[in-house]
Amino acid sequence: FFKQKTAYEIRPRDWSSDVCSSDLMTGWAICAALSRASTMLTMLVMFVVGIWFNARGVASVGEIVTFTALSGMLTTRLEQAVGYASRVALDLPLIREFLDVTDTVPAVRDRPDSIDPGQVRGMVEFSNVSLSHDGKHAAVADVNFTALPGEIVAMVGPVGSGKSTVLALLHRAFDPQSGFVKIDGMDIRSLKLAGLRGIIGVVLQETLLFNRSIGDNVRIGRPDASDEDINAAMVRAQALDIIESRPEGLNTVAGEHGRDLTGGERQRISIARALLKNPPILILDEALGAFDSATEMKILTALDEAMKERTVFVIAHRLSTLRKATRILVFEDGRVVESGSFDELLRNGGAFAKLARARFGLQEPQDTNAKANPATADNAGEPLVDVEPPAGGIVGDESDAAEQEQGESPPKMKRARKTGAT
């Protein structure tokens, strides 16, 4: 039932026009060279003829100088005209590409009867949503879930399993071929695009910053924000030190794509931008990259602040982030194969449990009878606590590690008392 649909209607490339442009540029280069040569020859001829006229008494020296000056002014203007035409000819391919972009008609656009969403609570509903980019393979298939206001919904799964596509559908980068997406009961296709994207904030792993000041980059989501509002957002995003360490403060230019800032600074500025916008729905698409421990702690603190009192969708691969999620959706081949809390999914022993053991080193609980293990019986009333492993290995004491290396016992779930170090 899939039919092919692209986000934009793009004109096919006309290679013959490129050949014509190349010939045209060659012709203009020859003309430019000939015009300069003719200018020099003209001035030389005028100089020789002027001497001959003066020798015969036909023209005075002043008349010759005046005529030469006027001729030079006219020649300069002609050279400028030729140079301008030459630049236009050289830039013609770029001009054509620019016009192609301006003439592009987006496939996702406002309906004639679209409305503004206004203030929303943040309830998001996906119902039988399916999408295919090529008409053959489903990027997303029969996705169903509902996120209540204030929930943190984490999405996990292999690369290409459809996580980012689902979030792209939420802010209408694409429209589904079947099913619908609703916010507070309103089909997002009936909402104005500007209004829809105004209630959704996005923080990506690859932060997009413009070659403008830091203040302008933060103000993008809310153009009317004052410097005081920006400073407050920077404080909440753990980013105040970025402007305090620079003489120009908020007027510091970020550089093209933010190249004058570090990766952690760019990420915190992106979070500050989302906090300033204050949307009821927030998307965090792998917002925590590979940073040093100090920068990572600042970004984690900023993300915790950003996720307060709003509906959050997060694509994350870190144990600490997944633990904070109200619900975890496990994706495989564009489908939601599991849904539940962190502890529920671990107990189920399904796809998420396998992924968690492989990625985080979490261990399965030992399936033994309490009678056979007195220690287990003694601690039967105490909760199981799975401890986040260090970067280098699997959770467990030294004896467990030794047994695992010798293959004498399977991994065990570590037990801890409520009053102990958990």
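These exercises explore a predicted model, each with a worked solution.

**Exercise 1. The largest pocket**

Task: Find the volume of the largest pocket, the residues nearest its centre and the elements that line it.

Solution:
- Step 1. Start with the volume, which is about 610 Å³ for the largest pocket.
- Step 2. Turn to the lining, which has 22 residues. Nearest the centre lie Gly201, Val202, Val203, Leu204 and Arg273.
- Step 3. Look for elements that supply at least two lining residues each: α4 (163–170), β8 (200–204), α9 (263–277) and β9 (281–285).
- Step 4. Pick out the element that gives the most. That is β8, with 5 residues.
- Step 5. Sort the lining by class. There are 11 nonpolar, 6 polar and 5 charged residues.

**Exercise 2. Helix α4**

Task: Decide whether α4 is largely enclosed or open, and list its buried residues.

Solution:
- Step 1. Apply the cut-off: a residue is buried when its relative accessible area is under 20%.
- Step 2. List the residues of α4 that pass. They are Lys163, Thr165, Val166, Leu167, Ala168, Leu169 and Leu170.
- Step 3. Draw the conclusion. Because 7 of the 8 residues of α4 are buried, the rest of the structure largely encloses this helix.
- Step 4. Link back to the pocket. α4 supplies at least two residues of the lining of the largest pocket.
- Step 5. Move past the end of the helix. Arg172 follows α4 and has a positive phi, near 60°.

**Exercise 3. Two more positive phi angles**

Task: Place Asn128 and Gln238 in the structure, and say how exposed each one is.

Solution:
- Step 1. Take Asn128. Its phi is positive, about 50°, though Asn128 is not a glycine.
- Step 2. Locate Asn128 in strand β3, which covers residues 124–132.
- Step 3. Check the exposure of Asn128. Its relative accessibility is 41%, so it counts as partly exposed.
- Step 4. Take Gln238. This residue is not a glycine either, and its phi is positive at about 60°.
- Step 5. Locate Gln238 in the loop between α7 (227–236) and α8 (240–244).
- Step 6. Check the exposure of Gln238. With a relative accessible area of 33%, Gln238 is partly exposed.

**Exercise 4. A nonpolar surface patch**

Task: Name the residues of the nonpolar patch on the surface, then examine Ile51.

Solution:
- Step 1. Name the members: Leu41, Leu44, Phe47, Val48 and Ile51.
- Step 2. Add the area. Together they have about 520 Å² of accessible area.
- Step 3. Find the element that holds Ile51. It is helix α1, residues 15–55.
- Step 4. Recall helix geometry. An α-helix has 3.6 residues a turn, so residues three or four places apart point the same way.
- Step 5. Classify Ile51. At 47% relative accessible area, Ile51 is partly exposed.

Notes. Residues numbered from 1 in each chain as written. Predicted model: local features only at pLDDT ≥ 70, side-chain atom pairs only at ≥ 80, totals over all residues. Heavy atoms only, no water. Patch = residues over 30% accessible without salt bridge, like charges linked within 9 Å, V, L, I, M, F, W, Y side chains within 5 Å. Areas by Shrake-Rupley, 256 points an atom, 1.4 Å probe, with all protein chains shown as cover. Salt bridge = Lys/Arg side-chain N within 4 Å of Asp/Glu carboxyl O. Helix = DSSP H or I, 4+ residues; strand = E, 2+ residues; numbered from the N terminus. Buried < 20%, exposed > 50% of the residue type's maximum accessible area, 1.4 Å probe, protein only. 1 Å grid on protein atoms, 1.4 Å probe; cavity = no way out; pocket = protein on both sides within 12 Å on 5 of 7 lines; lining within 4 Å. Points joined across faces, edges and corners; volume = space filled by probe spheres on them. Nonpolar A, V, L, I, M, F, W, Y, C, P; charged D, E, K, R; others polar.
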